[in-house]
Amino acid sequence: MRGPSTYSLIVSILVIGALRINPVDGGEFSGDYSKLSGIIIPGFASTQLRAWSILDCPYSPLNFNPLDLVWLDTTKLLSAVNCWIKCIILDPYNETDHPECKSRPDSGLSAITELDPGYITGPLSSVWKDWVKWCIEFGIEANAIIAVPYDWRLSPSKLEERDIYFHKLKLTFETALKLRGGPSIVFAHSLGNNVFRYFLEWLKLEIAPKKYVQWLDDHIHAYFAVGSPNLGSVETIKATLSGSTFGLPVPEGTARLLYNSFGSSMWMMPFSKYCRTDNIYWKHFNSGSRKNHHTYQCDAHEYQLNFSGWPTNVVNIEIPSIQGKTSMRCVLATLVLPCLDGSFCCFTLSGVDTYPSIFEVAQANMSIMECGLPTQLSFSAREVSDGTFFKAIEDYDPESKRLLYQLYKTYHGDPVLNPLAPWDRPPLKNIFCIYGIDAKTEVGYYFAPSGKPYPDNWIITDVIYEFEGSLYSRSGNLVEGNPGVASGDETVPYHSLSWCKNWLGPKVNITRAPQSEHDGSDVQVHLNVEHHHEEDIVPSMTRSPRVKYITYYEDSESLPGRRTAVWELDKANHRNIVKAPVLMRELWLEMWHDIHPDAKSKFVMKAKRGPLRYEDCYWDYGKARCAWPEHCEYRYVFGDVHLGQSCRLKNSSADLLLHYL
């Protein structure tokens with residue numbers, strides 16, 4: 001979800017291309033893929049931005065001219081940082097460009113393959129290049145792959161208002177259907193899933209209600225949600241308060257200034273699964289108004305359980321002492337009485353009906369607060385998403401008022417959808433939710449005043465991580481809380497990633513298999529496991545400490561014509577999951593299975609996994625031969641520099657694929 005690493009959907013297109021796809025061995029398959037298209041929706045910071053104005057940069061030989069690369073051009077970032085900031089920053093209130101420079105997203109596949117092309121910078125900023133290489137190896141046609149880049153700095157409503165992005169996305173689906181004669185496969189990564197969610201809700205207001213589901217069935221065959229922050233990501237809080245550089249050579253204060261100017265900064269804030277808004281779709285028809293129809297309501301679980309269902313409070317912050325403002329708070333919201341030691345103490349009064357306000361937060365965190373001394377307050381995911389947190393610190397942080405404005409106007413007041421509420425399963429035919437697990441992931445922070453002016457006025461004093469079913473502080477101490485059965489993907493916590501398990505039905509088939517090629521001897525299967533809504537599914541399966549697994553959760557009793565599956569990949573990093581060969585392989589097999597006329601099972605068979613590409617063959621030094629001798633053979637080609645390169649597929653991969661039907 002953050003940084004260039006994130007985003008987008010990966011192997012989307014793997015199955016969408018040629019009339020008769022010829023795999024590497026040259027064998028012809030009976031499936032016809034010519035009608036399918038692949039729609040790729042990239043994630044946050046995974047689309048190139050280009051200058052759309054002329055900007056002369058003083059004290060630098062480099063200027064910005066129309067179509068010059070802005071995101072990401074590290075040369076100009078290093079040599080003309082002030083100009084670069086002008087070209088990428090937005091007005092935090094209306095999301096307009098800087099008066100001296102503006103940027104717009106690039107188009108086409110080139111906009112998402114490498115963010116900063118170059119001999120050195122290219123590999124470091126590669127996003128989809130490996131994926132495109134995989135598509136080429138399997139004969140996917142170029143016009144079958146459609147990238148839909150967007151300006152990832154904008155809020156969802158601004159994407160439509162300024163760039164008519166969702167109208168163009170709808171037209172892309174319809175054009176693909178007319179051009180190729182079949183539905184599309186959607187691949188979204190990280191923030192791209194939030195964009196696709198908004199598109200589905202926006203579409204309800206553009207299509208007659210009776211034709212909505214039919215439009216989806218006609219235009220979308222399958223949706224692959226990769227690394228989706230279904231309940232938000234805690235790292236956005238760090239970017240908002242102290243700044244995240246994403247590895248760029250800029251100070252954290254500058255990164256914070258830029259991030260908070262983007263309308264999308266609130267789009268991935270963590271929120272509670274127990275709080276929802278009114279059904280905006282029906283409000284449009286019942287009231288005829290698109291304004292003032294939002295009601296943010298939480299059920300009893302929100303107030304009965306700790307931390308809004310998350311592992312811990314997502315923010316713990318030390319409020320500085322400002323004598324004048326602290327005294328005013330005491331006068332308005334508390335009773336000031338002499339303490340035993342002769343000083344004065346503030347007693348919080350009950351019944352103060354201000355929402356959201358620091359009074360509620362103080363009341364929830366302490367009953368007695370000493371005036372004039374720093375106070376540490378804790379905030380749950382709900383208190384972040386409903387604005388309570390930013391209201392509490394607005395006297396101490398000049399950025400809070402702008403963030404509150406963005407939050408209420410752009411998200412809680414959005415005329416189509418409040419994204420800070422749980423997402424129910426969309427009415428699509430096939431949904432595959434894919435994410436990494438068991439990586440050390442940040443789930444909470446401790447902030448304190450730094451003593452420096454804005455934007456460097458907060459520092460992180462401690463971080464809470466989830467890892468292997470436990471919570472740890474940055475110093476390694478065990479922290480109390482509600483850890484999940486697994487941890488997240490280094491960027492998005494498991495609690496948020498795994499929300500899509502609620503889209504599964506009451507009976508689920510679970511399969512756990514090694515990610516690498518295997519003969520099936522170590523595959524574990526549990527059939528018809530009971531699944532209760534809003535409860536995690538924990539398979540009682542063994543694990544080898546040296547093996548990375550992929551665990552498949554697949555509907556056993558799906559609705560007619562509907563399938564849902566969840567794939568958990570051990571140790572798959574959020575930013576690099578789109579490059580993972582195992583994910584590309586599984587996506588390819590699933591799509592090949594769906595289109596093949598002889599497919600008998602609902603999902604791809606998991607009995608074994610053999611090599612599909614030359615890269616999957618390697619030299620077994622222990623046996624002095626190529627591994628997988630039934631599929632790979634030693635075949636030297638001029639230019640090979642080691643034994644592994646000379647291990648190549650036999651002409652039998654077509655036969656191997658028949659095992660997956």
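## A walk through the model

Leu-49 stands opposite Trp-71 in strand E3. That pair is a handy way into this predicted model, so let's start there.

### The three-stranded sheet

Strand E2, covering residues 49-51, and strand E3 run antiparallel and are joined by two bridges. They belong to an open sheet of three strands, ordered E3-E2-E4 with antiparallel pairing. Strand E3 (69-71) and strand E4 (103-105) stand at the edges with a single partner strand each, so each has one side without a neighbour in the sheet. Neighbouring strands here are turned by 40° against each other on average, direction ignored.

What lies across E2, E3 and E4? Helix H2, made of residues 81-88, does, and it runs at about 75° to E3.

H2 also holds one end of a salt bridge: Lys-86 lies in this helix, while its partner Glu-100 sits in the loop between H2 and E4, so the pair ties together parts that are 14 residues apart in sequence. Lys-86 is partly exposed, with a relative accessible area of 24%, and Glu-100 is partly exposed too, at 40%.

### Salt bridges

A search of the whole structure turns up 33 salt bridges. Here are some of them, with the N to O distance.

| Residue | Partner | Distance |
|---|---|---|
| Lys-86 | Glu-100 | 3.2 Å |
| Arg-104 | Asp-97 | 3.0 Å |
| Glu-633 | Arg-635 | 2.4 Å |

In the last row, Glu-633 is partly exposed at 29% relative accessible area, and Arg-635 is partly exposed at 29% as well. Elsewhere, salt bridges that share partners link Asp-151, Arg-153, Arg-162 and Asp-163 into one network.

### Two helices that cross

Asp-163 turns up again where helix H6 meets helix H7: Pro-156, Leu-159, Glu-160 and Asp-163 in H6 touch Tyr-165, Phe-166, His-167 and Lys-168 in H7. Sorted by type, the residues of this contact are four nonpolar, one polar and three charged.

How are two packed helices described? By the angle between their axes and the distance between the axes. For H6 (residues 156-163) and H7 (residues 165-180), the angle is about 80° and the axes are 6 Å apart. That makes H6 roughly perpendicular to H7.

### A covered strand

Now for strand E15, residues 430-437. Is this strand mostly covered or uncovered? Mostly covered: eight of its eight residues are buried.

In a regular strand the side chains alternate between the two faces of the sheet. In E15, Asn-430, Phe-432, Ile-434 and Gly-436 point one way, while Ile-431, Cys-433, Tyr-435 and Ile-437 point the other way, and all are buried.

E15 has parallel partners to look at. Strand E7 (residues 220-226) runs parallel to E15 and is joined to it by four bridges, with Val-226 opposite Ile-434. Strand E22 (residues 563-570) pairs with E15 in the parallel sense over eight bridges, and there Asn-430 stands opposite Arg-563.

### A buried proline

Last stop: Pro-311, in the loop between helix H13 (300-304) and strand E10 (315-319). Is Pro-311 buried or exposed? With a relative accessible area of 3%, Pro-311 is under the 20% cut-off and therefore counts as buried.

Setting aside neighbours within four places in sequence, Pro-311 is in contact with Val-443, Glu-466, Leu-471, Gly-481, Asn-482, Pro-483 and His-495. Pro-311 and Tyr-465 are 154 residues apart in sequence, but 9.7 Å apart in space, C-alpha to C-alpha.

How values were computed: Residues numbered from 1 in each chain as written. Predicted model: local features only at pLDDT ≥ 70, side-chain atom pairs only at ≥ 80, totals over all residues. Heavy atoms only, no water. Pairing = 2+ DSSP bridges. Axes fitted to C-alpha atoms, helices over the stretch in contact; angles between N-to-C directions. Contact = heavy atoms within 4.5 Å. Buried < 20%, exposed > 50% of the residue type's maximum accessible area, 1.4 Å probe, protein only. Parallel < 35°, antiparallel > 145°, perpendicular 65-115°, else oblique. Nonpolar A, V, L, I, M, F, W, Y, C, P; charged D, E, K, R; others polar. Salt bridge = Lys/Arg side-chain N within 4 Å of Asp/Glu carboxyl O.
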